[in-house]
Amino acid sequence: MAICFQIQCPVKPITFPPSTTKKVPIFRCKASLSTLTSTAEPEPVFTSVKSFAPATVANLGPGFDFLGAAVDGLGDFVSLSIDSSVRPGHVSISEISGSSKLSSNPLYNCAGIAAIATMKMLNIRSVGLSLKLEKGLPLGSGLGSSAASAAAAAVAVNELFGANLGVDKLVLAGLESERKVSGYHADNIAPAVMGGFVLIRSYEPLELKPLIFPEKKELFFILVSPEFEAPTKKMRAALPAEIGMSHHVWNCSQAGALVASVLEGDVAGLGKALSADKIVEPKRAPLIPGMEAVKKAAMEAGAYGCTISGAGPTAVAVIDDEEKGKEIGQRMVETFLKDGNLRSVAMVKRLDRVGARLVDSVPR
């Protein structure tokens with residue numbers, strides 16, 4: 001049995017400034033990526049930067065493809081520098097740590113695709129960039145691994161050239177990566193860039209609504225990741241093409257209740273809605289050994305709610321007490337082993353309220 005409540009990160013830990021709530025209006029972006037190219041090429045303000053983007057929990061039960069949240073203390077790092085050996089207007093991936101499965105070709109790498117998209121938006125043609133990706137998230141975990149890489153890369157490029165792009169544009173750049181890797185869905189990339197809870201109000205045009213969880217309220221995510229890979233494309237293929245009206249009405253009401261609970265800081269209400277999906281979870285849970293029993297064990301141990309994080313296989317539960325969260329996590333780990341024959345790791349993490357950000361830089 002494996003149980004752990006601290007991430008074993010392959011990179012040197014970095015202390016971030018305290019999270020602060022960002023009171024922002026709805027973000028609208030009616031343009032496509034191809035129409036967002038800047039006319040004037042900005043000058044770089046740094047020779048190198050390092051960025052971080054957090055893990056995310058997508059769907060949150062009934063919010064399939066339109067609700068997501070960022071998780072504190074887990075994520076990916078991207079280091080980016082001006083490199084005269086790289087062809088101007090291009091990016092080269094010089095190093096990838098934390099995973100041996102990722103391509104170093106920027107056209108087939110989440111960070112590379114997002115970096116290229118951001119460079120195109122900024123009309124970068126005079127310099128070439130070298131990128132180093134440090135993976136802190138496992139692939140196919142249901143924690144937004146591809147989105148974390150994309151968000152960190154987009155923010156790194158933007159910061160290197162003076163931070164001229166808003167979060168809506170950075171989400172669009174990340175969506176280019178998600179489109180090629182797992183499908184056109186923003187419920188990971190939006191919270192990875194923006195932090196906190198995010199509602200995707202519309203995709204055409206893209207409209208993003210931050211949902212502010214009260215700062216004085218406590219919320220902990222209990223994340224239990226089994227040794228089992230659930231590729232997003234495979235898990236999306238398991239979903240029904242059509243649903244009944246009764247299930248549609250039920251999920252809509254639960255998603256509304258979830259949004260209200262987030263805004264009120266009602267963790268019990270959030271958990272109740274989180275657990276109530278009748279469309280997606282029933283199709284995906286049987287594909288993850290032990291998942292249904294793990295959810296039951298979490299609820300019996302005192303969790304306010306439990307569901308699949310994103311496409312899985314990570315199970316996510318919510319609680320408002322960290323120590324209680326650790327007890328619940330242990331029960332979930334035990335159940336994954338007993339009922340699913342899967343070893344797993346548990347972590348108890350707070351909400352990340354900041355999103356992707358610059359963590360280090362070298363001025364010109």
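Helix 2 passes helix 3 in a right-handed crossing, where right-handed means that the near helix is turned clockwise from the far one by less than a right angle. Helices here are DSSP runs of H or I with at least four residues, strands are E runs of at least two, and both are numbered from the N terminus.

Before I go on, this is a predicted model, in which local features need pLDDT of at least 70, side-chain atom pairs count only at pLDDT 80 or more, and totals for chains, interfaces and linings use all residues. Residues are numbered from 1 along each chain as its sequence is written, and side-chain values use heavy atoms, with hydrogens and water left out.

Back to the two helices. Helix 2 covers residues 145-160 and helix 3 covers residues 167-181; they pack at about 145°, their axes 9 Å apart. Axes are lines fitted to C-alpha atoms, for helices over the stretch in contact, and angles run from 0 to 180 degrees between N-to-C directions. Among the residues making the contact (heavy atoms within 4.5 Å) are Ala150 and Ala154 of helix 2, and Ala173 and Gly174 of helix 3.

Now one residue of helix 2, serine 149. Is serine 149 buried or exposed? Serine 149 is buried, with a relative accessible area of 3%; buried means under 20%, exposed over 50%, and partly exposed in between, using a 1.4 Å probe and protein chains only. Serine 149 touches Asp76, Val78, Cys110, Ala111, Leu133 and Lys135, leaving aside residues up to four places away in sequence. Its C-alpha atom is 7.5 Å from that of leucine 133, although the two are 16 residues apart along the chain.

Next, the cores. A nonpolar core is a set of buried Ala, Val, Leu, Ile, Met, Phe, Trp, Tyr and Cys residues joined through side-chain atoms within 4.5 Å. The largest has 47 residues, and Leu129, Leu131, Val171 and Ile189 have the most contacts inside it. Helix 2 gives the most to this core, ten residues. A second, separate core of 28 residues includes Phe221 and Val318.

Those last two residues also meet in a sheet: valine 318, in strand 10, is the bridge partner of phenylalanine 221. Strand 8 (220-226) and strand 10 (315-319) pair in the antiparallel sense over five bridges; pairing needs at least two DSSP bridges. The open sheet has four strands in the order 9-10-8-11. Why do strand 9 and strand 11 have one side left without a neighbour? Both stand at the edges, each with a single partner strand, so one side of each is left without a neighbour in the sheet.
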